[in-house]
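Please open the model in your viewer and keep the sequence panel beside it. The tour below moves from one selection to the next and says what is found at each stop.

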Amino acid sequence: MRSTTLLALLALVLLYLVSGALVFQALEQPHEQQAQRELGEAREKFLRAHPSVSDHDLGLFIKDVADALGGGANPDTNSTSNSNHSAWDLGSAFFFSGTIITTIGYGNAALRTDAGRLFCIFYALVGIPLFGILLAGVGDRLGSSLRRGIGHIEAIFLKWHVPPGLVRILSAVLFLLIGCLLFVLTPTFVFCYMEGWSKLEAIYFVVVTLTTVGFGDYVAGASPNQNFAAYQPLVWFWILLGLAYFASVLTTIGNWLRVVSRRTRAEMGGLTAQAASWTGTVTARVTQRVGPTAPPPSEKERPPLPPPPCPAQPASRPLSPTAPEKTEPSSPPTPPTPPTASALDYPSENLAFIDESSDTQSERGCALPRAPRGRRRPLNPPRKPSRPRGPGRPRDKGVPA
């Protein structure tokens, strides 16, 4: 990502944060001030009704109650009641562990012991990557299953001769609608029935949970009136499937944006090439019309061309001792022209060019290229085959002359 794009994106995010802060401040600050006034009025009313209680003692009592509520205590139960509700039974502890590895962290239940906090550190470091791998696998399978089902619907649309572009749009809309129906609307009605929430509160909890925000003001199964032990574990499995669906949606959106970016870059590259070609053509035409034309150089001013190099021929084989050489009519000897050195592409070709024998070079009529410094010539070069003596056959080794 370019620096300018990164800075523009950072400025956009900061602007979004500031606008959100202003909106939340305007909506929530009056409610906070009203709640603070009501608390002050209730405190003064209690002190007037109980004159034996001092203001300092009442403040300490309120602080103790707030700490107890933060630790998970329930104000509806006391030591004299026979309620067996606990915030750390097996189902609630399982749900709390799930909020750690999913990084939701509602905050309604917090760790109060040093041993629990130390264990939570290592538990999160191991559990979060493990859950990320599981989430990727479940999202892949879930997205494939949904796309496979939507593919059958696309085939039906194509049989009805619907344009392919419209079919792609319809498939994307169906993918979003089916996911929202399964993981947003259905849990909303379930939480309205099980928790006694309104529809707004239920859908608020669903969205805050599946986006891993997790404020903790609404938590499924936190009410002491909920006696179903497997309720919160089932809620965690819904969280797993919902997060996997949202992950597949985000992956699809990212792939679509990547394809759009590539197409945009290709189109911009084509436009840039066309603009450069048009600019070069216009410049050349203007130069031909306006600029002076230089006269062609004369024959005397032209530089002499170098002599052509010797053509590459395969190395000649040694002559057979039985075949006599043919003599050609004598002609004035011509001095050999030195070949022009040409660059070779590979080192092996360079070495092969250096190692050619002097006989081959002399037969080609070219001068032997000078050996590089540090390379010695063989001490015993190969001898040329001897010519036959006399007009008859060559003499055998075992027969005397």
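Select residues 90–111 to begin: the C-alpha atoms at the two ends of this span lie 16 Å apart, and the span is 55% helix and 0% strand, where helices (H or I, at least four residues) and strands (E, at least two) are DSSP runs numbered from the N terminus. The span is one of those that UniProt lists, in an unreviewed entry, under "transmembrane region", together with 118–138, 169–191, 203–223 and 235–257; UniProt positions are given here in the numbering of the model, feature names are shortened, and annotations may be inferred rather than shown by experiment. Residues are numbered from 1 along each chain as its sequence is written. The model is predicted, so that local features need pLDDT of at least 70 and side-chain atom pairs count only at pLDDT 80 or more, while totals for chains, interfaces and linings use all residues, and side-chain values use heavy atoms, with hydrogens and water left out.

Move next to residues 203–223, another span from the UniProt list, whose end C-alpha atoms lie 18 Å apart and which is 38% helix and 0% strand. Within this selection, pick T212, which sits in the loop between α6 and α7 and has a positive phi of about 60° although it is not a glycine. Most residues other than glycine have a negative phi. T212 is partly exposed, because its relative accessible area is 30%; buried means under 20% relative accessible area, exposed over 50%, and partly exposed in between (1.4 Å probe, protein chains only). Then go back to T103, in the loop between α3 and α4, where phi is again positive, near 60°, in a residue other than glycine. T103 counts as partly exposed, since its relative accessibility is 44%.

Now zoom out and colour the whole chain by secondary structure, which shows nine helices and zero strands. Buried residues make up 16% of the 401 residues, and the chain exposes about 32,100 Å², of which carbon and sulfur atoms supply 64%; accessible areas come from the Shrake-Rupley method with a 1.4 Å probe, and for residues only the protein chains shown count as cover. Among contacts (heavy atoms within 4.5 Å) between residues at least 6 apart in sequence, 57% join residues at least 24 apart.

For the interior, select F191, V235, W238 and I239, which touch the most other members of the largest nonpolar core, a set of 31 residues. A nonpolar core is a set of buried Ala, Val, Leu, Ile, Met, Phe, Trp, Tyr and Cys residues joined through side-chain atoms within 4.5 Å. At least two residues of this core come from each of α3 (90–101), α4 (114–159), α5 (164–195), α6 (199–210) and α7 (231–290), and α7 gives the most, with ten residues. Which residues is F191 in contact with, once its neighbours within four places in sequence are left aside? They are G196, W197, A202, F205, V206, A220, Y231, V235 and W238.

Turn next to the two salt bridges of the structure, each being a side-chain nitrogen of Lys or Arg within 4 Å of a carboxyl oxygen of Asp or Glu. In the pair R43 and D55, the closest N and O atoms are 2.7 Å apart; R43 lies in helix α1 and D55 in helix α2 (residues 55–70), so the pair ties together parts that are twelve residues apart in sequence. R43 counts as partly exposed at 31% relative accessibility, and D55 is likewise partly exposed, at 43%. In the pair D114 and R117, the closest N and O atoms are 3.8 Å apart, and both residues lie in helix α4, three residues apart, about one turn of the helix. D114 is exposed, with a relative accessible area of 62%, whereas R117 is partly exposed, at 41%.

Finish with residues 1–20, where UniProt places the feature "signal peptide" in an unreviewed entry; the end C-alpha atoms of this span lie 26 Å apart, and the span is 90% helix and 0% strand. Show the side chains of M1, L6, L7, L9, L10, L12, V13, L14 and L17, which form a nonpolar patch on the surface with about 940 Å² of accessible area together. Patches are made of residues with over 30% relative accessible area and no salt bridge, like charges being joined within 9 Å and nonpolar side chains (Val, Leu, Ile, Met, Phe, Trp, Tyr) within 5 Å. L17, one of the patch residues, lies in helix α1 (residues 3–49) and counts as exposed, at 53% relative accessibility.
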